[in-house]
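I opened this entry to keep track of what I looked up in the structure, taking charged pairs before strands and helix packing.

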Amino acid sequence: PLVSIVMPYYENHRTLGACLASFSQQGLPSRDYEIIIVDDGSQNSAQEVLKELDLPVKPVLLHCNRGGQSAATNVGIRAARGKLLMMTCADIIATEKLLETHLEAHKKASDAVAVVGHLMYPPTWKLTPFMHYLQNSVRQFGYHNIQDPEHLEPNYLYAPNFSVARAVMLQAGLFDEKLPYGWQDT
């Protein structure tokens with residue numbers, strides 16, 4: 001495949017079906033990408049959700065023993081076969097052109113570039129005041145603060161929507177597993 005979608009999973013059984021359905025409806029032939037889910041020791045197994053889904057792209061399901069988001073993501077990266085890695089999470093709803101947009105950006109750039117996509121809550125979600133704060137602050141989704149879209153500071157590299165060459169991630173040493181619950185992307 002051209003792209004390996006790497007998705008750590010921990011207790012996201014309520015959102016996994018919609019997430020996988022969105023990634024299975026990309027504008028690319030199914031042979032061009034794979035979906036790798038790494039279940040990080042959930043009580044609510046991803047396997048149970050997968051049994052009920054009929055997807056055109058059958059996800060690969062791997063397991064690890066509650067090492068945290070960084071460790072689970074690293075398991076997926078090591079298993080990936082694609083030249084590019086698309087990092088995401090099990091609660092992300094992808095637009096139909098997500099992978100195409102990332103691939104186009106990589107074609108225009110060098111292999112050492114990470115492509116960061118805009119991350120928004122789905123329009124059907126009712127935002128809590130806290131979610132609204134996160135979306136409009138510099139703390140999480142501060143896209144409006146980006147000065148130069150061609151040279152982002154590390155704090156804008158959000159794990160749920162970025163892609164990078166697999167070789168670059170391997171050379172960088174993968175995610176720091178001492179950061180199990182977030183900020184590993186930055």
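**Charged pairs**

I began with Glu-177 and Arg-78, whose side chains meet in a salt bridge with an N to O distance of 4.0 Å. The two residues lie in distant parts of the chain, 99 residues apart, with Glu-177 in the segment after helix H6 (166–172) and Arg-78 in helix H3. I note that the model is a predicted one, and that this distance sits at the cut-off, since a salt bridge here requires the nitrogen within 4 Å of a carboxyl oxygen. I then looked up exposure: Glu-177 counts as partly exposed because its relative accessible area is 39%, and Arg-78 is likewise partly exposed, with a relative accessible area of 48%.

How many salt bridges does the structure hold? I noted six, and I followed up some of them.

The side chains of Arg-66 and Asp-40 meet in another salt bridge, at 2.6 Å from N to O. This pair also links distant parts of the chain, 26 residues apart, with Arg-66 in the loop between strand E3 (60–63) and helix H3 (69–79), and Asp-40 in the loop between E2 and helix H2 (46–51). Is Asp-40 buried or exposed? Asp-40 counts as buried because its relative accessibility is 2%, whereas Arg-66, at 36% relative accessibility, counts as partly exposed.

I also recorded the salt bridge between Glu-100 and Lys-97, in which the closest N and O atoms are 3.9 Å apart.

**Helix H4**

Glu-100 led me to helix H4 (residues 98–108), where Glu-100 is itself listed as buried, together with Leu-98, Leu-99, His-102, Leu-103 and His-106. Against which elements do the buried residues of H4 pack? I found strand E1 (3–9), helix H1 (16–23), strand E2 (33–39), strand E4 (84–87), strand E5 (115–116) and strand E6 (162–165).

**Strand E4**

I turned next to E4, one of the strands that H4 packs against. Both of its faces are covered, with Leu-84 and Met-86 buried on one side and Leu-85 and Met-87 buried on the other. I read this arrangement beside the general rule that side chains in a regular strand alternate between the two faces of the sheet.

For the neighbours of E4, I noted that E1 runs parallel to E4 and is joined to it by four bridges, and that Val-6 stands opposite Met-87 of E4. E6 pairs with E4 in the antiparallel sense, again over four bridges, and there Leu-84 has Ala-165 of E6 as its bridge partner.

Methods
Residues are numbered from 1 along each chain as its sequence is written. This is a predicted model: local features need pLDDT of at least 70, side-chain atom pairs count only at pLDDT 80 or more; totals for chains, interfaces and linings use all residues. Side-chain values use heavy atoms; hydrogens and water are left out. Buried means under 20% relative accessible area, exposed over 50%, partly exposed in between (1.4 Å probe, protein chains only). Contact means heavy atoms within 4.5 Å. Two strands pair if DSSP finds at least two bridges between them.
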